Amino acid sequence: MFKYLQIETTTYCNAVCWFCPNSEIATIRMTDKMLYGIVDSTRGLNVVYRPVGLGEPFGDSRMVTLCKYIKEDSTAKIEIHTNGELVTEKVIENVKDYVDVIRFSIDGFKKETFDESRGIDFATVNANAKSFLENAPDVDVQVRMINLPGTEDEQQDFLDYWNGIREGCALITELYNHPWETQTESLNLPCKKVYDEAFIYAKGSVHLCPWDFYSKSVIGNVNDDSIVNIWNGHLYNKYRKLLAEGNRDQIELCSRCDAVFSDTYKRYI
């Protein structure tokens, strides 16, 4: 059974990151019936829920209510990845008792660098992340900066500043090279994402990967069957076996993916 369940509740995003394909995707909001039905169908399974996709989680007005609803299941955990601009003091106060991990993406220590990468308010994002760190001591708060071109000279300042607020909270991550962006052939290596991570997009489609933006390898749809049945179904098991053996070239989406998973691979969104 999957350990991590990523649910794209909305594709709406307040940011305009140059490295994200969000601007090419229609704005969609998952229906209440589907959203809460997914949670109901996975209760008691020790699931780590990730209510995020291409959109900004806190751009969905249901997010605090959803987190509270998920945590009615004592076995459930919640991880959220956010750009931080909408995580106001009120949101922090209302959500901090339900979220286990929250990751702030702040791609720059200098305002001019951040403005180029995100297109949202630098001061607001920093203030919100700092407030969460200071006011939610029981939540695992991470502050991340992508290793974007030209940012090398400010990365240590970024780490020093945020780790000075909470030791060990800051890290530098690498920019994902999404499938079918620059790849022209298959890199036939195993994929770890299919072992214990499930992905549901805003229309209910179930995918092998959080990077299947153009629906090249859809496994099923929760409108037609439960995520548990889809996960355990023939098609998913077929693809899982192919990927375990490194046969990415036999799956359309994966045939142009060069992701390499090492022993230090850290899961996200």
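This report looks at the overall build of one protein and at the cavities inside the model.

## The big picture

Keep in mind that this is a predicted model. The protein has nine helices and nine strands. Lay its C-alpha trace along its principal axes and you get a span of about 50 × 45 × 35 Å.

So how does that fit with a compact globule? For 269 residues, such a globule would have a radius of gyration near 18 Å, and the protein comes in at 18 Å, so the two agree.

## Inside and outside

Of the 269 residues, 54% are buried. Now take the contacts with a separation of 6 or more: 71% of them link residues 24 or more positions apart.

As for the outside, the protein exposes about 12,500 Å². Carbon and sulfur atoms supply 48% of that area.

## The largest cavity

How many cavities of 30 Å³ or more are there? The count comes to two. The largest one has a volume of about 110 Å³, and 14 residues line it. Nearest its centre lie Cys191, Cys209, Leu253, Cys254 and Cys257.

Sorted by class, the lining of this largest cavity has twelve nonpolar residues and two charged ones, with no polar residues.

## The second largest cavity

The second largest cavity has a volume of about 40 Å³. Its lining is made of Pro179, Trp180, Trp211, Asp212, Phe213, Tyr214, Lys216 and Leu253. Leu253 may ring a bell, as this residue also lines the largest cavity.

By class, the second lining divides into six nonpolar and two charged residues, and again no polar ones.

Conventions. Residues numbered from 1 in each chain as written. Predicted model: local features only at pLDDT ≥ 70, side-chain atom pairs only at ≥ 80, totals over all residues. Heavy atoms only, no water. 1 Å grid on protein atoms, 1.4 Å probe; cavity = no way out; pocket = protein on both sides within 12 Å on 5 of 7 lines; lining within 4 Å. Points joined across faces, edges and corners; volume = space filled by probe spheres on them. Nonpolar A, V, L, I, M, F, W, Y, C, P; charged D, E, K, R; others polar. Helix = DSSP H or I, 4+ residues; strand = E, 2+ residues; numbered from the N terminus. Rg over C-alpha atoms; globule rule 2.2 N^0.38 Å. Buried < 20%, exposed > 50% of the residue type's maximum accessible area, 1.4 Å probe, protein only. Contact = heavy atoms within 4.5 Å. Areas by Shrake-Rupley, 256 points an atom, 1.4 Å probe, with all protein chains shown as cover.
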